[in-house]
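Student: I would like to learn how to read pockets, a bound ligand and backbone angles in a structure. Could we go through them one at a time?

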Amino acid sequence: MDVKFFDFAGETAAIGAEITRAVSRVINSGHFVLGPELERLEGAFAALCGCKYAAGVASGTDALFLALKAMGIGPGHEVITVANTFAATALAIIYTGATPVFVDIEPDSHLIDPQRIREALTERTRAIIPVHLYGRCADMDAIMEIAAEKDLYVLEDACQAHGAHYKGRPAGSLGHAAAFSFYPTKNLGAYGDAGIITTNDKELHEKIGLLRNYGQRDRYTYDLAGYNSRLDEIQAAVLNVKLPLLESWIAARRRKAQIYDRGLPGISAITDKFAAGSDHTYYLYVITVPQRDALRDHLAQKGIGTLIHYPVPLDRQPAFKNSRVAGSLANTYGRTGMILSLPMHPWLKEAEVEYVCEAVRDFYA
Ligand SMILES: *Cc1c(COP(=O)(O)O)cnc(C)c1O
């Protein structure tokens with residue numbers, strides 16, 4: 001059996017024809033940038049997140065960057081985040097001229113530890129970026145409490161958490177703003193690059209609207225030195241077909257996760273920390289295991305694709321040599337060698353999940 005880590009074939013079979021019609025509609029309209037498809041997507045995505053506003057941009061990375069810019073983050077400022085995340089979280093901070101400050105995670109959830117945020121604060125701290133890693137939300141109540149006390153912005157990196165909830169409230173509505181990615185493999189993915197920023201702050205939203213479109217107020221009036229970072233109509237049309245299906249796709253991911261849970265007794269999987277009203281959307285199904293690399297080789301031999309999210313903490317990457325590490329990253333480093341992401345997507349077959357479980361059990365038997 002061949003079990004790919006991710007596979008689009010099922011999606012194409014299910015909605016390919018509808019996507020083709022939606023893309024043709026845009027082509028025939030001749031309206032390719034900042035048009036009705038984007039407006040519709042922004043309205044629907046804001047509703048999904050229980051937010052007043054959503055602004056489509058060119059990628060998740062740009063969503064993080066433009067939100068930070070709109071918050072006034074720049075040179076001399078520090079932004080606190082984690083080292084066990086995708087590089088873009090910290091790249092966006094670097095782009096503004098501010099310094100990424102890496103703090104440790106909680107050992108059980110692998111999410112940012114609010115107590116470590118407190119210990120990392122300086123008079124230069126301006127913002128916190130909690131990453132809702134793997135599809136579950138960070139401890140936002142504790143984080144918002146620190147932010148309120150110290151007058152800091154909180155930007156959710158929700159690039160892996162479309163449709164997730166924290167104590168009954170949707171990801172994207174928990175901080176001052178949130179950045180989502182529509183990279184193709186995300187729980188909601190475009191057929192190319194795209195991203196979106198949600199917020200309830202009118203002023204932030206308006207500033208992001210300028211920043212993504214050259215800083216242009218009216219044609220030939222430039223209030224800000226902005227950027228070209230729009231979510232184009234073809235991608236918006238694809239996303240408009242897919243958004244109504246997100247919930248059922250997350251439910252499909254949860255069903256696979258349950259089969260993994262049952263089929264891997266004694267193996268610890270990273271689940272949800274906050275039981276009531278909080279949920280895991282399983283962008284990734286991650287286990288923490290001894291002899292991780294040997295297990296990975298064993299699974300590869302059985303035709304099973306796995307990945308590691310993420311193999312090298314960002315503070316150890318040359319690109320982030322000018323970042324700051326606050327306190328010990330013992331939990332981050334301790335977990336990096338143990339994590340393994342198993343195949344996970346809505347189209348994965350039950351028999352494939354069982355096959356993966358059997359291969360893992362074989363290895364440890
Ligand atoms: C995917 C991702 C991003 C970047 O999104 P792009 O759309 O690829 O630019 C940022 N942060 C996290 C945690 C991600 O998973």
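Tutor: What follows is a walk through the pockets, the ligand and two places in the backbone, and please keep in mind throughout that this is a predicted model.

Student: Let us begin with the pockets. What volume does the largest pocket have?

Tutor: The largest pocket has a volume of about 350 Å³. A pocket is read through the residues that line it, and here 21 residues form the lining, of which Phe-86, Ser-181, Tyr-183, Lys-186 and Tyr-310 are the closest to the centre.

Student: Which elements give two or more residues to that lining?

Tutor: Those elements are helix H3, which spans 60–70, and helix H4, which spans 87–96. The largest share comes from H3, which gives three residues to the lining.

Student: How do the lining residues of the largest pocket divide by class?

Tutor: Nine of the lining residues are nonpolar, nine are polar and three are charged.

Student: And what can be said about the second largest pocket?

Tutor: The second largest pocket has a volume of about 150 Å³. Its lining includes Asp-2, Val-3 and Lys-4 from one part of the numbering, and His-345, Trp-347 and Leu-348 from another. By class, this lining has four nonpolar, two polar and five charged residues.

Student: Where does the ligand sit?

Tutor: The ligand takes up the space of the largest pocket, so the two features should be read together. Around the ligand there are 14 residues, and the ones that come nearest are Gly-60, Thr-61, Gln-160, Ser-181 and Lys-186. Ser-181 thus appears in this list and also among the residues closest to the centre of the pocket, and Lys-186 is likewise found in the one list and in the other.

Student: Which atoms of Gly-60, Gln-160 and Ser-181 should I look at beside the ligand?

Tutor: For Gly-60, look at the backbone, where an N or O atom lies 2.8 Å from an oxygen atom of the ligand. For Gln-160, look instead at the side chain, which has a polar atom 2.9 Å from a ligand oxygen, while Ser-181 places a polar side-chain atom 2.6 Å from an oxygen atom of the ligand. Taken alone, the ligand exposes 380 Å², and the protein buries 93% of that area.

Student: Which element gives the most to the shell around the ligand?

Tutor: H3 gives the most, with three residues, and both H3 and H4 supply at least two residues each. The shell as a whole divides into five nonpolar, seven polar and two charged residues.

Student: Finally, what should I notice in the backbone at Tyr-310?

Tutor: Look at the peptide bond that runs from His-309 to Tyr-310, which is cis, with omega near 15°. Tyr-310 belongs to the loop between helix H10 (292–301) and strand S14 (324–325).

Student: What is phi of Tyr-134, and where is this residue placed?

Tutor: Phi of Tyr-134 is near 70°, which is a positive value in a residue other than glycine. Tyr-134 is found in the loop between strand S4 (125–128) and helix H6 (140–150).

How values were computed:
Residues are numbered from 1 along each chain as its sequence is written. This is a predicted model: local features need pLDDT of at least 70, side-chain atom pairs count only at pLDDT 80 or more; totals for chains, interfaces and linings use all residues. Side-chain values use heavy atoms; hydrogens and water are left out. On a 1 Å grid over the protein atoms alone, a cavity is a set of points where a 1.4 Å probe fits but cannot get out, and a pocket is an open set with protein on both sides within 12 Å along at least five of seven lines; lining residues have an atom within 4 Å of a point. Grid points are joined across faces, edges and corners, and a volume is the space filled by probe spheres set on the points. Helices (H or I, at least four residues) and strands (E, at least two) are DSSP runs, numbered from the N terminus. Ala, Val, Leu, Ile, Met, Phe, Trp, Tyr, Cys and Pro count as nonpolar, Asp, Glu, Lys and Arg as charged, and the others, Gly among them, as polar. A residue is near a molecule or strand if one of its heavy atoms lies within 4 Å of it. A polar contact is a pair of N or O atoms within 3.5 Å; within protein, one must be able to donate a hydrogen and the other to accept it, and residues adjacent in sequence count only if both atoms are side-chain atoms. Accessible areas come from the Shrake-Rupley method with a 1.4 Å probe; for residues, only the protein chains shown count as cover.
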